[in-house]
Amino acid sequence: MKKNWTETHETNPNFKRIAINGTHLEVGNTEYPSYCIDELSRILPSELHYFALITHEVEFPTRIDYYRKLWKAYGDVLPFQDSILSREYVDQAGHTTFYGVMEFKANIASHIFDIISQFPEALVFGDERALDALDIPSIFRQHEADPAITNGQHPIQFRFLDAGFEACLYVVISDMSKVKAINFRKMGELESNGFLIPTDGSVMIASMYLEENQCIIKSDTRQAIRNLDFIPEVWQCIRLDEDALLLWVCPFVMDNEEKNIIIIKNSLAKFAFWGDGLEGIERVGDDFWLLFHEEATTDTTSNEGLAVIEKNGTRRFPLHQTASGLIFDGTAIAYDSEAKEIWLFQYSWEGKNQCICIEPSGSVQRIINCGYSPVTATITNNIIWSCNHKNVIRHDVIQETVNQFAITDESGKEIEVQHCYAFDGKIAVVSKENIVYLFQTDNIHSKG
C-alpha cells in the first residue's frame, strides 16, 4: 500500500479538487512533507499570486500586544525573507484579533505547506490580483463567517487536515478566468429594522416600528400587528398569501418558551419554535420543509438534518429510511415547483460540496458533487441559481455545467454583500451599506 498518493476529482468543467494524502505518519513516514511540496510545485498555476491570511487573537490585549500586533508576534515562525507583508489590521468584534496578509514571492510551494500545516485554520489561497489590490478586511470577514473551503471564493485554495496517523492537503482549483459579472438593479435602502417581502415580480422593502406597544409593519401599506409588542430581527420572510406572512426571526423567549417563527395572518401574530440550527425554510405546497446544519438539536431533526412542518402543525421527518443520515450539514434548500423536486445543499470537510435532489415522498433522486455550497438558492427550468455572498452561481443540472458571476451594481461596481436571498427565480442582495439590489434570472445581463 502506498504511503503517499494524490487523488484528483473534476466535479465539473469549472472545479477541480485535489487530495494529497499521506498515511503511516506515526510510524516513520517522513517523506510526506516533501511529497506535498513536490505535488504543489507541479500543480500551482504560475500566473497567480499566493497568499496567507494570518490572524492573532488576544482575549485581553495589553499595551505590549498592541505594540507587537501581528508580524512581531510571529516573527520567529513566518517566512518574512521570501514574502511581502500587508499592513496590520485590528478587529475588535468579540476578542481582539490582529490580522494581515502575506504574499509569498519565492519557495512558494514550500511556504504554502509550512503555513497550512502549522496553522490549519489559516486561509491560504491564490489570486490573480497582487497584494495591494486585495480587499483584506473583506477577506477576513468572509473567512470569519465561513472558515471552510468555499469553492470559487478564490481561483485556488488550500486546506490541511491532520489526524496524527494520516493527513490530507486539499487543493481546490476553480476556473475564475471565465467569471463574468451580473448587474443587479438597485431597489432602495433597507432600514435598521427592515426586511424584504417577496412578491410575484419583485421584492418589497418593509420596515418595522413600535407605536403604543404594537409593532407596525410599513411597506406599500401600513399594518398594525396584534399580539406583537416588540420588533423582531427578521432573517427571512415568506409570503403565504395576500394577507399572510411567515417570518423566520432571531430566537426570542415568550412565556418562558423559545420561539423563532412568527406567522402573521389578518394582522394577528402567532408564534412557534421550529428548532435550533435552522439553515433554510422552503414552502412546498401547504407544508414547510426545514433544513438544519450539523450542530442542530437532535430532538427537532432526528439526526436527519431535514424535517417537515405540515399544515396542521405536525412535524415529520421525510427522508426515506434508506437515506437516513444523508443530510448532515445543510446550507440551503430550494423547491422546483415545475418538477416537484426539493434540492438540498450541504457542505462537508472533505470538500465534497453536494446538492441532493429528493421527491416530496422523501426518496432520493440524485446526489451531485457540485463543488459549491450556497447560503441561498432557487431553481427554474433545470437551472439552479444560488449565492454565497461572493458570487452568483449558475448550475445547469442537465448540461452539468457550473458558472460563477461576480455581483455588481448597474454601473459594474462590485457589491460587498451582507445578506442574500433567492426566491422564485430571483436573487436579492443587501449590501454592507444596507442598499437592496435585485437580479431576475430570466433577464440575465452579464459582461465579461
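The exercises below work through a predicted model, from the whole chain to a single helix residue, a sheet and a pocket.

**Exercise 1. The chain as a whole**

Describe the secondary structure, burial and contact pattern of the protein chain.

Solution. Begin with the count of elements, which gives 5 helices and 35 strands for the protein chain. Turn next to burial: of the 448 residues in the chain, 51% are buried. Finally, take the contacts with a separation of 6 or more, and note that 48% of them are made by residues 24 or more positions apart.

**Exercise 2. A residue in helix α1**

Locate Glu 39, decide whether Glu 39 is buried or exposed, and name the residues that Glu 39 touches beyond four places in sequence.

Solution. The first step is to place Glu 39, which belongs to helix α1, spanning residues 32-43. The second step is to compare the relative accessibility with the cut-off for burial, which is under 20%; because the value for Glu 39 is 11%, Glu 39 counts as buried. The third step is to list the contacts, leaving aside residues up to four places away in sequence, and this yields Thr 6 and Ile 20.

**Exercise 3. A sheet of four strands**

Work out the strand order of the open sheet that contains β24, β25, β26 and β27, identify the edge strands, and examine the pairing of β25 with β26.

Solution. Start from the order, which reads β24-β25-β26-β27, with antiparallel pairing in this open sheet of 4 strands. The edges follow in the next step: β24 (330-336) and β27 (364-368) each pair on one side only. As for geometry, neighbouring strands of this sheet are turned against each other by 15° on average, with direction ignored. Now look at the pair formed by β25 (residues 341-346) and β26 (residues 354-358), which run antiparallel and are joined by 5 bridges. At the level of single residues, Trp 343 has Cys 357 in β26 as its bridge partner.

**Exercise 4. The second largest pocket**

Characterise the second largest pocket by its volume, by its lining residues, and by the strands and residue classes that contribute to that lining.

Solution. Take the volume first, which is about 530 Å³. The lining consists of 20 residues, and those nearest the centre of the pocket are Leu 240, Ile 263, Lys 265, Phe 288 and Lys 311. Assigning the lining to strands shows that β16 (234-241), β18 (257-265) and β19 (268-272) each supply at least two residues, while β19 gives the most, with 4 residues. Sorting the lining by class completes the solution, with 10 nonpolar, 2 polar and 8 charged residues.

Terms used:
Residues are numbered from 1 along each chain as its sequence is written. This is a predicted model: local features need pLDDT of at least 70, side-chain atom pairs count only at pLDDT 80 or more; totals for chains, interfaces and linings use all residues. Side-chain values use heavy atoms; hydrogens and water are left out. On a 1 Å grid over the protein atoms alone, a cavity is a set of points where a 1.4 Å probe fits but cannot get out, and a pocket is an open set with protein on both sides within 12 Å along at least five of seven lines; lining residues have an atom within 4 Å of a point. Grid points are joined across faces, edges and corners, and a volume is the space filled by probe spheres set on the points. Ala, Val, Leu, Ile, Met, Phe, Trp, Tyr, Cys and Pro count as nonpolar, Asp, Glu, Lys and Arg as charged, and the others, Gly among them, as polar. Two strands pair if DSSP finds at least two bridges between them. Axes are lines fitted to C-alpha atoms, for helices over the stretch in contact, and angles run from 0 to 180 degrees between N-to-C directions. Buried means under 20% relative accessible area, exposed over 50%, partly exposed in between (1.4 Å probe, protein chains only). Contact means heavy atoms within 4.5 Å.
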